[in-house]
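Biologist: Please choose one part of this model and describe it closely, strand by strand or helix by helix. Then place it among the other parts, and state each cut-off once.

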Amino acid sequence: MASVPFPTTLHQFQFQFATEEACQEYLARCRWPEGYRCPKCGNARAYTVVKRRCWQCVACRHQVYLRSGTVLHNTKTPLTVWFWAAYLMTTDKRGLSALLLQRQLGLGRYETAWMILHKLRRAMVNASREPLHGDVELDDTWIGAEQAGLRGSRQLKDRKAALVLAAVERRVKGSGRIRMEVIHDFTSATMNDFVVRNVAPGSTVYTDGLGGFAGLEKIGFKHVPRTQPLRTELRKGAPSVVPLVDRAIGNLQQWIVGTHHGVSGRHLQVYLDEFVFRFNRRRQPMAAFQTLLGSAVLANLRRTPQYEERRTCRNRTRTKPQQIGACCNNRISISQLAYLAPLGEATVHKSIKFRPQLIFAP
Ligand SMILES: [Zn+2]
């Protein structure tokens, strides 16, 4: 991928991706950085079938559709719009709300902007990414508004806020990479599962004294639990035992409130993915653009069964309708809902009135 140049300024971007053909060309170069190679016969020569937007091998006539199996599959939105969305989304560290994207690109419908951003968010997790390693801080947090009538910060029942687990690498100067995930309880099994998937074996994991973290030593990690000072003491300046995670969580909360004014609990994980994606590439925002529209999308998405299931909406159940929240009072089409409905979790009915499901009240 290194051989594909990408724009580093707005001016360059505007110049480089002014037309549909230029965007197509860029996708082709992302797919074949060393030049075209037929996936069937290995031939190095092809011509483009302009009407069908595909490449056809000169020798065996095998056709390759550049958008097939990617987030751009079957899209009617111009590629230039997609490229602008990906660029704005990855290069602005505050992210982008659908309303702002709609306004900036002059899109007729809010739903189009929302769909573009959500599809891009779904492409942000690279299945083969490297796990965190070295010294890693781990902590849990609630993402959601304060709620009256709860017994303590560990009550799960009747709580509207979502529980999120975050891990941050300790580097010499501040934070390294991070991971964040919505979890459903405080049990050892849940914590261990998260750590095994996201942290390299043998790493040192720093946590507070929560009982759920106690099993980390048994599964091959060095575990350093320390007692976290009370919140009142922290406010008075007592040092946190996991300062980097605290900072990352603070940034996340401010981003959710500041940019999106709250997000739906159902979609929280994709927003976490976006936050993690941008945070881990905060020093190379322009490279993040290339990652998003380039190799990650073109090479990996088609092969993951999750993507195929989501795209084709297999195993979709039709029992009772459930709301899929968004931050606006709008209607969204059945096909759009079908695409976005996570497998087996949401049901798609004729037309669902969107209502805001703020889980983080400003
Ligand atoms: Zn061929």
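Modeller: What follows takes one sheet in detail, then a group of packed helices and a second sheet.

Residues are numbered from 1 along each chain as its sequence is written. This is a predicted model, in which local features need pLDDT of at least 70 and side-chain atom pairs count only at pLDDT 80 or more, while totals for chains, interfaces and linings use all residues.

The protein has 13 helices and eight strands, where helices (H or I, at least four residues) and strands (E, at least two) are DSSP runs numbered from the N terminus. Of its 362 residues, 30% are buried, meaning that 20 or more other C-beta atoms, placed from the backbone, lie within 10 Å of the residue's own (12 or fewer is exposed, in between is partly exposed). Among the contacts with a separation of 6 or more, 62% are between residues 24 or more positions apart; a contact here is a pair of C-beta atoms, placed from the backbone, within 7 Å.

The part chosen is the open sheet of five strands, whose order is β6-β5-β4-β7-β8 and whose pairing is mixed; strands pair if DSSP finds at least two bridges between them. At the edges stand β6 and β8 (222–225), each with a single partner strand, so each has one side without a neighbour in the sheet. Neighbouring strands of this sheet are turned by 25° against each other on average, direction ignored. Angles run from 0 to 180 degrees between N-to-C directions, with axes fitted to C-alpha atoms, for helices over the stretch in contact.

Consider strand β5 (residues 162–171). Seven of its ten residues are buried, so the rest of the structure largely encloses this strand. On one flank, strand β4 (residues 135–143) is joined to β5 by nine bridges, and the two run antiparallel. Within that pair, D139 stands opposite A166 in β5. On the other flank, eight bridges connect β5 with strand β6 (residues 174–183), again in an antiparallel arrangement. There V164 faces V182 in β6. β5 and β6 make a hairpin, with two residues between them.

The parallel part of the sheet that can be described here is the step from β4 to strand β7 (residues 204–207), where three bridges join the two strands. D135 stands opposite T204 in β7 in this pair.

Two helices accompany the sheet. Helix α6 (residues 188–198) lies across β4, β5, β6 and β7, and runs at about 135° to β6. Helix α9 (residues 268–280) also packs on the sheet, where it touches β4, β5 and β6, and its direction makes about 170° with that of β6.

Elsewhere in the chain, helices α3, α4 and α5 can be treated pair by pair. Helix α3 (residues 79–91) packs against helix α5 (residues 110–122) at an angle of about 65°, with the axes 10 Å apart. From α3, W82, A85, A86 and M89 meet I116, L117 and L120 of α5. This contact holds seven nonpolar residues, no polar and no charged ones; Ala, Val, Leu, Ile, Met, Phe, Trp, Tyr, Cys and Pro count as nonpolar, Asp, Glu, Lys and Arg as charged, and the others, Gly among them, as polar.

Helix α4 (residues 98–105) and α5 pack at about 115°, and their axes are 8 Å apart. A98, L99, L101 and Q102 in α4 meet Y110, A113, W114, I116 and L117 in α5. The contact of α4 with α5 divides into eight nonpolar residues, one polar and no charged.

For α3 and α4 the angle is about 130° and the axes lie 11 Å apart. V81, W84, A85 and L88 of α3 make this contact with L101, Q104 and L105 of α4. It comprises six nonpolar residues, one polar and no charged.

Last comes the other sheet. Three strands form an open sheet in the order β1-β2-β3, with antiparallel pairing. β1 (46–49) and β3 (63–65) are its edges; each has a single partner strand, so one side of each lacks a neighbour in the sheet. Neighbouring strands here are turned by 30° against each other on average, direction ignored. β1 is joined by four bridges to strand β2 (residues 54–57), and the two run antiparallel. The bridge partner of T48 is W55 in β2.
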